[in-house]
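Reader: Could you take me closely through the nonpolar interior of this model, and then through the backbone in the loops? I would like one connected account rather than a list.

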Amino acid sequence: MKVALLIPTFNEIVGLRQIMPKINREWVDEIVFVDGNSTDGSIEYIRENNYTLYLEKVPGVRRAMIDAINTIESDVIITFSPDGNCIPELIPKLVEKMREGYDMVIVSRYGDGAKSYDDNIVTGFGNWFFTRTVNFLYGGTYTDVMGIYRAYKKELVSSLDLDKEITYTTPEKLFRTRLFWEPILSTRAAKRKLKITEIAGDEPKRIGGEAKLQTIKWGAAYLYQVLREKVWWR
């Protein structure tokens, strides 16, 4: 089993300088960055440290992530944020759990005593609400359906149609935003009854970069996606 660490960035130079030295390159087989055309030195840092880099060609990180995924050789993807929200030392534990045969392993910010130190009252409620909704509608047992920090088989990107624009077109047009796939990945994985588990992991406060949350637009668009799945995707 080969593992790729896939890291989206946009103006994350502060986090990169503090977080990347904590990641042992031997933990994974590939480290790949997808950058949204940063202007703060992030691109230069990535290149200077000889990491693989894909630059966003059209607006929206999702399409650049798909381009990167289509070229990596690994069987498993770990998506990771370098802004301080993800604890690097949990990477080996994610790899270990995937070797046990899981389709997806999520680092839960709310499981077994873990805590998000980056939540506010709105995002905390939103995470709780979406997790309960997916569990209720699709029989999941999640404690965290929204977080980026997770490992999953690369084949899920195609088998769950995460790489198909039709998965996102309508909610993006309706709510004038661009989406990534964590909520719909969690939803479809539960719907397909895939082998899923979680490990507990705190979410520290952000140490750099700008928060990119579009709370109202994303919340509405993701809710549309999750509810639509009951009658739309098979």
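Author: What follows begins with the chain as a whole, moves into its nonpolar cores and ends at two loop residues.

The model is a predicted one, and the secondary structure of its protein chain comes to 9 helices and 7 strands. The radius of gyration is 17 Å, close to the 17 Å that the globule rule gives for 234 residues, so the chain is as compact as a globular protein of that length. Measured out along its principal axes, the C-alpha trace spans about 50 × 40 × 35 Å. Of the 234 residues, 52% count as buried, and among contacts between residues at least 6 apart in sequence, 79% join residues at least 24 apart.

The part you ask about is best entered through the largest nonpolar core, which holds 36 residues, and in which L6, Y142, Y152, L162, W181 and L185 touch the most other members. Several elements each supply at least two residues of this core, including the strands β1 (3–9), β2 (30–35) and β5 (104–108) as well as the helices α5 (121–138), α8 (182–191) and α9 (215–228). The largest share, 5 residues, comes from α3, the helix that covers 61–69.

L162 gives a view of this core from a single side chain's residue: leaving aside residues up to four places away in sequence, L162 touches R62, I66, L156, V157, Y168, W181, I184 and L185. Of these partners, W181 and L185 are themselves listed with L162 among the members that touch the most others. Apart from this core there is a second, separate one of 31 residues, which includes I13, I19, C86 and L90.

The loops add a point about the backbone. Most residues other than glycine have a negative phi. N11, although not a glycine, has a positive phi of about 55°; N11 is found in the loop between β1 and α1 (13–19), and with a relative accessible area of 17% N11 is buried, because that value is under the 20% cut-off. D161, likewise not a glycine, has a positive phi of about 60° and has its place in the loop between α6 and α7 (169–175). With a relative accessible area of 24%, D161 is partly exposed.

At the surface, the chain exposes about 11200 Å², of which carbon and sulfur atoms supply 53%. The chain has 33 positive and 32 negative side chains, and the centres of the two sets lie 6 Å apart.

How values were computed: Residues numbered from 1 in each chain as written. Predicted model: local features only at pLDDT ≥ 70, side-chain atom pairs only at ≥ 80, totals over all residues. Heavy atoms only, no water. Helix = DSSP H or I, 4+ residues; strand = E, 2+ residues; numbered from the N terminus. Rg over C-alpha atoms; globule rule 2.2 N^0.38 Å. Buried < 20%, exposed > 50% of the residue type's maximum accessible area, 1.4 Å probe, protein only. Contact = heavy atoms within 4.5 Å. Areas by Shrake-Rupley, 256 points an atom, 1.4 Å probe, with all protein chains shown as cover. Lys, Arg positive; Asp, Glu negative; His and termini not counted. Charge placed at Lys NZ, Arg CZ, Asp CG, Glu CD. Core = buried A, V, L, I, M, F, W, Y, C linked by side-chain atoms within 4.5 Å.
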